[in-house]
Each structure stands twice: as C-alpha cells, then as structure tokens.
Amino acid sequence: MKDRYAREVINGFPYPVAAMFVRLRTDECLDPGPNRLRYLLSTGEAITRFLGVVNLCQARDFAETAQRVPPHALRADFKPRFERIAWGTWLHLARESLRWLLTEAQAMVLIPEMGRFFFDPPPADSRAVKALGELLTLRNGLSHDKIRVMHAHEFQELCGRAQELLESVLEALEFLLDYELTFISEIDVEKRRRHEPVFRHRLMRLIGNSGDFEGDRHNQANPLDSHAVILSHRESGRHLNLDPLLVYEAKAGKAPDIFFYNGMKSPHQADYTACKHGGNFRGSESERAANLAEELTILLQMFGDTATIPPALV
Amino acid sequence: MDDPESLDTLFADVGAATDPHRSPFKFLDAYGVGDRSLFFGRDNEIRDLYARFYRSRVLLVYGESGTGKTSLIECGLRSEIPAEEALFVTVRTAQDPFEAVRRALQRVLGNAAEQDLDALLRAVVEQKNKILVLVFDQFEEFFLFQPARVRQAFARTVQGWLEQEGNCRLVIGLREEYLARASELEPYWPGLFHNRLWIRHLARSDAEAAIVGPCEVCGVALEKGLVPHILGDLSGGGSEVELPIFQVVFDSLYRKALLEAPEHPRLTLDAYQELGQVQTILGRFLEERVQSYGEGSEVARQILKALVTAEGTRQFGNRQNIAIRARQFGPELSDAQVDESLQRLIGDRLVREDPDQHWYELRHDALARQIRQWMSGLEQDLVDLRQTLENRLLEYQRHGRLLETDLLATLPPFENRLALRGELAELVELSKRRARRYKRLRFLAAATVFTVVMAFGVFSFVQWQEAKRQKVQAEANFRRASEAVDHFFTQVSESTLLNQRGSEPLRRQLLEKALNFYQDLAKQRAEDQEMQAELAAATFRTAKIRNLLGDHHHAEAAYRQAIADFTLLARNHPEAPEHQSYLARSYNNLGLLLGDGGDAAAAQTAYQNALALLERLARDHPEVPAYQSRLALSEHNLGILLSDGGDAARARTAYQKALNLQERLVQNHPGVPEYQNNLATSYSSLGVLLSDGGDAAAARVAYQKALDLRERLARDHPEVVEYQHKLAMSYNNLGLLLNEGGDTRAARAAYQKALDLQEGLARDHPEVPEYRSYLAESYNNLGILIGGRGGDPAGAREQILKASGIFARLTREFPEQVAYRAGWARAEGNLAWTELMARQPRAAIASASRGLDADPQQLWIRINLAHGYLFDHHTAQALAIYTENKDRKLPEGKTFAEVVLADFKIFRARGLQHRDMARIEQILREPVRENRDHDP
C-alpha cells in the first residue's frame, strides 16, 4: 500500500477503522510479531463490524420504509447469531443484508460502491470480501496458547499474509473517503416569525484516528436524529442512522468513545465495546438505555425467524 | 466458525515477564509504567484519571507533595493506555522549558537534526503516529524557576501546539499550593481548570491494599496485625496516610526481613518496633545513611544541601552545579569527592541520576524538607540568593538584562560564601561594572556601597508603595507583597552594611518604612478573619522594628498586642503549632525587652510563659527541631536574666536545661552549625557565671567546651565570619580566666590567638565596626597582662596604645556610640596606669585627661589622674581630687579612697615613692584595692 493512501486512511476513514489501522504504523507494531498481528487482525475485524453495521442499518431502514420482510437467508438463526455476535456474524450480516437490498428494485443504498466491494462479479464474492474471510480464517486458526509458543518466522509469515489481505480490503474501500461519520450531539431549534424553523445541529466528526472528535455546526431545515451516529455522503448529504449498532457514549464506558454493539442477553442487557479506548459498557448503564433497548428490540423483531414488520414510524 | 475469544484476550500477556525477587515497595521512587503489578490501592484515581485524559487535551493533576501524583501519571495512567496509542514524553521545566521539550523530543526521534521546536514536535506526531502526551511533571518548578516572560512565551508556544496538532495533549502534575499560580496559563491553555483531578493522600483502606497487594505479588509474608498497627501510627489517628513515610517504613522493614530470610522475607511487628518512631523515621533514616559515610558524611551533607531549593523542595543539577552550590555549605569539594559522594548517595537511594543528561536530584521532596532543616538561617539565605541569581542568569542569556543595583547590594556579605563562578560570576561582574559606570555618571564620588543599599531601600519602598496603590489585588499578590516586605525587613534589620558610619539614619528610615507597611496592613485588614494570623505576625514584626528603632515603649505594647492576638489564635486553632510558636517568640522577646528595661520580675514571667509554650511544642512535635532550639534559647535568656540578678543557682539550672537540649540537638543534627553555635554560646555564658562565682576550674571546662565547638565551626565553615569572631571571643574569655588564675603564659597565648583572628577580621571586614572594637579590647587586655605584677610597662603601653588608637577612630566614626567612647576612655585610663608604672607622670596626666574627656563617668580614671599629679609634684591638684572623691563608690563596690590606698601599696612595691603619700593615706584612711582593671 502506498504511503499516501495509508495517510488518507488514517486521516479520512471512519474513526472505528482509522483508529485501529494507525496503530500498525507505530514503533510497537512495525516489526512482525504478536502486536502487529493483533492489530492487523483488529483492523480487519473493525472493518467487518463497520460494514456489518452500515449494511444492517440500511436493510433495517429499507424494511421499515418499504414495509418488506427480509429474506430467509438473513433471518435464519438471526437471533442467536445477533445475541452472540462476532467477526464472522458481522461478515455474514453485512453480505446478506446487502445482497437483499441489491435484489430489491426499490431499495436505495446509501453507498452504491458497496455492491461492487462485496460482489464482483455478482453474485460471487469479491476479492476484498474473500480477503476479509481469509483474515477471519487466519484469526480463527489462532489460540492464546498457540500464539505464546509461536516462533518469529511464523509471526513473520502470518503478518505478511495478513497485511497483504488487509491492504487489498482497504484499497477496495477507497470509496469510504467520500463519506463522513458524525455524531449529532445536540440540536437547537431557531424559529422566527414568518420563517420556517432552522435546526442547528452540533456535530462531532468521527473521522480519522483522533479520539478528540472535533466539533462542528450545521444548520438545516429538517432535523436529523439526535444523539445518533450517522454516516453521510459528503456531497449529497444523504445519510444513514447507525444507532443502536454504533453509538457515542461519554459516561458509561471507561472514557468517552465510539462503541460497537457487541452482543446481548436481552435488548435491555446489550454489550458495547469501544472502538479504541473507551472499554466496554452495558446498554442499561447508558443514559440512552431505553432508546437502545427499543431499537434493538425492533431489530430482533424485524430480522428474527418470525419476523414482523414494525410500523415505519412509532 | 467464530472463536468467542476476543482479540484482546487472545493476545493478553504475550511476552510479559515475571520477576519473583522484586521488592514490593518503591522506597521514595515514583511508580513507573513497569510497576503496574505492584501499584495497588489507587484504582479509583486511575479510573478517574483515564476518563479525564480522553475528555480534554489538557489534564491537570494536583495535590499536596507526597500524594503520589507522579506515580499515578507515570504508572497508573500510562499503563492503562497501550504504548501503541500514546507516546508519553515527561518534561521537567525547572531549567529552560523550551530546551527541556526539545531534548525530550529529540530523544524520541533519536538524534534528530537541529530544527525549529514546532517542526520537531510536528515530526514526532507524524512519525510516531500516536497521541503525543507532554507530561509536565513537578510543574511547580515552572513557577518557581522561570521568570514571567519565559512563562508567558512558553505558555503561548504550547498553546500553538494544542491548537495545531490534533494529537498533542498535556498532562500537568502540580503541587496544589501552586494552583492559583496556574491561573496565569488559563488564557493560553483552554479548559485548564475544567479537566482536573485532585489527588489526596492515601486513605487507610487503600493504604492497606497498597501494602498487602504488592507483598502478595512478590511473595512477602506479613505478620497478622502488622498492617493495621503501622497504618494506625502512620495516619496519626486520621484517615489518610502520607506516602513517602509509608514507603520508607515498609521498605526498611522489607530490607530488614530480606537480610534475615532472603528466600522467605516476613515483615513483623518486632522489626517495626526496632525502627522506632514513625514521625522521625525519615529524618533518622537520612541521618543514619549520612552518618555511615564516616569522614565523607560532611561532604554528603554539603551535596545534599546543594540539591534543595529555597522552598525546601528538590532541585536538580549536574556535577559542576552541585560542586559550586555545595561550596555554600562548606569547603570546596574536588571532582573526586563529588563523584564519590554522589555515587554513595545514589547507592543509598537518596539521589537519582538522569542517565542521559547526567543530572542528579533527590528522590523525593520529603527528603528535601528534612535536609532543609539542617540549614542555618544564613545557609537558607544563600540558597535563596543563588536561586535568584540562577534565574536571573537565564533571563540575562535570553534578554540581556543585567542585575539591578538592589540585588547587587545584597551580595557583598554573601559573596565569599556564594563562590560564584563561570557564567554567574561573569553576570555579577558585568552588572557591577554597569552599576559602577551608571553611578559614576549619576553620583560621581558618592558611588559607595551605602548608595547601593539606599537604592535598594528606595526601590523596595517604591515597589511596596506601588503594591499599596493597587488596592484591589488578588490575595496571592497581597501575600507576596507581604512576604517581600518581610524579606526586606529581615535584610534591613540584619544588614551589616547598614551598620556603617552614617547608615544609622537610613537604617532607621528603612525600618520605619517597614513599620508603616505593617501598621497599614493591620488597619486595612483588621476585619478580615482570614488575615488574623498574618495580622498578628505583622504586629509581632512591628514590635521587633520598634525595638530595633529604640522605641522600647511602643515595642513592649506591640509585643503585648501580639501576645493577645496569638493567644486567641492558638486557642481557636490548637491544631496549628505556628500560632503557639509565635506566641512563645513574642513572650521571649518581651522578656528580653523587659529585662533590658530593668523589670526583672516581669521579664522572668514572660520567659516562663515562653518556656511553658515551647516545652509543649517541643514535646508534641519532636520532629521539629526548631522548637527545641527555641526552648533552649529561652532557657539561656532566662539564665542570663537570673545571672544578672545574682541568682546564680537558678541561672545555672536554666543554663543546664539549655545545654541539655542543645547537646541533644547537636547530636541528632550534627550537620546544623546553628545548633553548635548556640551550644557554644550557652557554654560560654555558663563559663562566665562560674567564673564570677569563683569556680575557676568549672568555668575553664565550660569555656573549653565553647572553645572546642567554635574551633570546629570556624574550621568547617571558614566562610562564616561570625564563627571566627565568636572563636576570638572565646579565646579572650579564656585569657581573662587564666590571667585571673595567675597563669599568665597560657593567658597570653589565648589572647594572642584572639588577636590573630580579630586582626584578620578587622582587616577583611572594615565595614563591621564591632570587629575593630573587639580587637581593641583584646589589645587592652593583653596590655594589662603584660604590664601586670612585675611586668613590662613599655610592652603594655605598646598594646594599650593600639587599643586606644582603634577606639579613638571608632569614636570619631560613631560619635553617638557610647560603647566605643567608653572603650576609648578605658584604654586611656589603663594607658595612664602603665605610664605611671613607667615613671612618666606627665604622660599619665595627658592620658587620664583624654580618658576623662571621652567618658567623665569612669571614676577610676580620675584616680590615675590624681596619681599623675602627685608624681608630677602637683600635690595640691592631686589632693583636691583625692579628697573630693574619697567617699565615692566605684562600680565594683569599693570606695575611691580604698582604691587609692591599694594603688599606693602597689607603687611602693614597685619602688614608686612620693613624700606626700603618707599624708594622703592618713586623709583617706581605709586602704582596700586589688584590681581596678576593667574586663572587656
């Protein structure tokens, strides 16, 4: 991978991917060894999670707006898989959600490039998705005990292979540079006599590797969903709400961070894991516990084996 | 297909090493990133610190010294954050902060090419691909050592980094007493105070975890009940434990246990009991370490003192700095001595070395506080002055500003001891040259040290007036102004320069300025409850100034007011010993004042009040040697009062109490010359008492002890002029005693030693008239000895003439000084006697007349005048004097007539006869006189 592109990934990719990838360029991870292997795999996992979140949320939105029931391939074993979610499940959900949307004529996907990323030539898996799959296989071939006794040349070999796979995935994801991940922290309304209301959005940019999440302001006539992480196209402004699968949380974790949904016993007892430094938290510990549980319940209802179609608006 | 094991679990502990023989305690070192497995009891703080670290780009960690701020940052925070996420660069800002950051960043990049600091920082952020965390540890040094301009420039530079480098953060470790000072950075470092964490001393429950946890990790056994017992002692009944003491106690126990059972160390209650009192354990530890160096202990003390700031915190330095600073505290040290001593101190874990820069510093501020207690007042002033000069050197190097005349004026009394060299010496010399040039232009011939002092006084006064005008100023500024005046007052009241001829009006004027300040302070802040202690202290100082100005009446009133104020404060705040200490000082000073005024009974009551307070303070605070020292001084003062009042028995008891305390102080703090000096003074006073009481043998023992101590002080501290002066006084006292005992040879040798020292002092310090006065007294005494029974009148005359010459000059220079005039009269009177013995009655008449002109109150000189007239055959004039004064009493109790008759006996014995002597004897009748020579 060219250095220029690596810098673009670090500075312009969504935070969950960039924050993990940047570690591969630190002194601690430069040499092939357990640390480098760990972050090569972590970056692969972060990419898969992110794609899974995006595609599942697109599918959810389509199901809601078009009042369509997801196909059996997506619904089969959804509940147990979703409750005990892991790298492989995310990959499965990402691929099957997108496959469904691509077969639906009415479906409007936020990221059209995603189709080619997954299926090239359709309906076969693309080289990038196969690489993600291989990274997953590589990771599943490892165990704690095995790593502890691995020799340097084995690390070198594994790191070389993992890097090759990761690079091919990242290069295929170049289109992500056109999208922006933000968190809507606050919305104020300004309404003057004889004027339409203006919604002032206070945004936190979740782009690049910095966990500072610099603030920004944006005024528009229609309000977006508050306290939601959204992915939007930089030019068109089209957007996708990633809640409750990707959330910003300032208090419940070890530190303010972006968190992936990471399995649950019930919608009220969902686990979240940080993209970088925030540790873990239980959904019930968040100030948005009720919202998170409600959204997760909807997902279970929508994609469960006995799927029901919730009303578009509740 | 999925493995439920997370990647974090999968790679956990890979590559981690174990060390079963680690010490579970860190002694005075901070915990580092590799010590996480031993760092217990601070989980809550670590969690808070971690969360706050990510909340903002600036994190302020503050707390008292010894609360473990550095450990929490360097171990707690750093070990929570993966190395691949953040690069921590710890920087100390005591020296040039820009250079300190540059060096630290260059170290990160490894011999980076010379470049702009901003570019260097950017290069680190870009090349390392992680958050750059600048840790400004011990950041109080920034305020202590950096002048305002440097602070502002640095704050602005850091502001630029924070704004431009998204991946740059600050973590600041600061002692809480500097929190207000940090507000000057707030405009530059946004949110400085919004994202802060207050670190407190370890709670007892956490302290228990901090002991048990590391012991379990390292396989160290703990006797049941040991931990609660020690924690009870360490917390002194409170709920918090001071970490440095805690570490020293447990580390000492661990090392003892390791010696007894290296494979299975066990910490026991018995071993703890052997260690002794917790409060003094650190001081004793330090003392024992240093004592163990034998002959090298004094060198080690010098070096340790060189590593302490004027505020009693640690300061670092390289070998050269340390050697130069150590010169302030003793003889010059060779490179080999410094190296050897530093290596021993490092080996004993008292000092640590920065391996890159080869800087050395004490391991903890707690040590600095102990070492500071070794220093005398003079040494503390020297440290303060050197620190000021070093700061000013930085400013000179950056902005070309030389030293002002007021600062230069404070240097002369300290210059020998400061032993300035290299760049500092050049700065002082350049500044002096500039000052001289400036003065030549402005004042031409009036360019004397006196003018410099005047300039200093005026400058300080203007500063104070300016401060006064700014009524609405922050409390911190107000206190600083108050401290400045305190310092100014100390300078003025103790300045030897201000004892020079003609300086008295200036001294008085300056003291009155300080007095006005304190009085204004009292008026302005009379209603301010929080200022009551400062007000009482101001009243105390007012009393001291009044006393120095000779206004004893108002001084007494002010002391009584200070007593009333501090009595109230001490009652309302029994937990604050400083109020009781001030109260005791007020009583003691009132005692001195009343004693001098002749009210011995009231003075005695005042001393007894002081003693009662100091006894309690010394008992309740054995760790504060100053209380014991003050107690001893008050006992000594009482002894003098009782001795003057003729109560020799009680005076002796008081002296003995003072001596017992001072002996103990010297034994426990052999490195504090002030205590040795006080002990010598008490022995000397006891010697005078015993000598007056006729117990010459015991007096000689006491004098000898004083002499031994003073000889050692003068030898070990040749730079302290006062010790040489006191040593000379001791030789002089011994000479008097020996002469009275008839051992003229030994007495002469003692006088000669006194003279050798005093001649040097008078030559080297012509600005101190007291040294010349004492020299004259010694010449006088030696003359009396030489001219004594069957002696050498010519030789005696030669010595006494020297005395007379010196006193005559002093009288001309200081006409208002009664003591010099009296000394001159005494010398002339003695001269007249030697001239009588040498059969030179006309010369005797002239000398006695000069003596009486100088001081007509000295009746005994009139006797010599009459003798001169008699032998010069002016019998009528002689007879007139004899008969006119015959019944008058001399100070020693004899009548004029008795002394004359005794003199006649001596004349006859020496073959001096006059035909009218028998007739005069008949007139005067009772002949009783043995010795009319006055002792100095």
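Start where the two chains meet: 29 residues of chain A and 25 residues of chain B take part in the contact. Here, two residues are in contact if their C-beta atoms, placed from the backbone, lie within 7 Å. You are looking at a predicted model, in which local features need pLDDT of at least 70 and side-chain atom pairs count only at pLDDT 80 or more, while totals for chains, interfaces and linings use all residues. To find your way, note that residues are numbered from 1 along each chain as its sequence is written, and that chains are lettered from A and ligands numbered from 1 in the order in which they are written.

**Stop 1: the chain A side of the contact**

Select helix 3 (27-30), helix 4, helix 7 (87-103) and helix 10 (144-148) of chain A; these are the elements that give two or more residues to the side touching chain B. Helices (H or I, at least four residues) and strands (E, at least two) are DSSP runs, numbered from the N terminus. Which helix gives the most to this side of chain A? That's helix 4 of chain A, with 6 residues. Now colour this side by class: you should get 10 nonpolar, 10 polar and 9 charged residues. For the colouring, Ala, Val, Leu, Ile, Met, Phe, Trp, Tyr, Cys and Pro count as nonpolar, Asp, Glu, Lys and Arg as charged, and the others, Gly among them, as polar.

**Stop 2: a five-stranded sheet in chain A**

Next, show the strands of chain A and look for the open sheet of 5 strands in the order 3-2-1-4-5, with antiparallel pairing. Two strands pair if DSSP finds at least two bridges between them. On the edges sit strand 3 (215-220) and strand 5 (239-241) of chain A, each pairing on one side only. Ignoring direction, neighbouring strands in this sheet are turned by 35° against each other on average. Axes for such angles are lines fitted to C-alpha atoms, for helices over the stretch in contact, and angles run from 0 to 180 degrees between N-to-C directions.

Keep the sheet on screen and bring back helix 4 (residues 34-66) of chain A, which packs on the sheet and touches strand 4 (229-233) and strand 5 of chain A. The direction of helix 4 makes about 95° with that of strand 5 of chain A.

Zoom in on strand 2 (residues 198-205) of chain A: 6 bridges join this strand to strand 3 of chain A, and the two run antiparallel. For one pair to click on, try A:Met204, whose bridge partner in strand 3 is A:Gly215.

Now pick A:His227, in the loop between strand 3 and strand 4 of chain A. Phi of A:His227 is near 55°, a positive value in a residue other than glycine. Is A:His227 buried, exposed or partly exposed? A:His227 is partly exposed, because 16 other C-beta atoms lie within 10 Å. The cut-offs are 20 or more other C-beta atoms within 10 Å of its own for a buried residue, 12 or fewer for an exposed one, and anything in between for a partly exposed one, with C-beta atoms placed from the backbone.

**Stop 3: two cis peptide bonds**

Select A:Pro122 and A:Pro123: the peptide bond from one to the other is cis, with omega near 0°. A:Pro123 is in the loop between helix 8 (113-118) and helix 9 (127-140) of chain A. Then hop to A:Asp243 and A:Pro244, joined by a cis peptide bond with omega of about 5°. A:Pro244 lies in the loop between strand 5 and strand 6 (246-249) of chain A.

**Stop 4: a four-stranded sheet**

From there, follow strand 6 into an open sheet of 4 strands in chain A, ordered 6-7-8-9 with antiparallel pairing. Strand 6 and strand 9 (280-282) of chain A are the edges. Between strand 6 and strand 7 (residues 257-264) of chain A there are 4 bridges, and A:Glu249 has A:Asp257 as its bridge partner in strand 7. In the loop between those two strands, find A:Lys251, which counts as exposed because it has 11 C-beta neighbours inside 10 Å.

**Stop 5: over to chain B**

Chain B has 41 helices and 11 strands, and 46% of its 936 residues count as buried. Select helix 24 (residues 532-548) of chain B, where 13 of the 17 residues are buried. Just after this helix, B:Gly550 takes a positive phi of about 85°. Finish at B:Gln138, in the loop between strand 3 (131-136) and helix 6 (140-145) of chain B. B:Gln138 has a positive phi of about 50° although it is not a glycine, and it counts as buried because it has 24 C-beta neighbours inside 10 Å.
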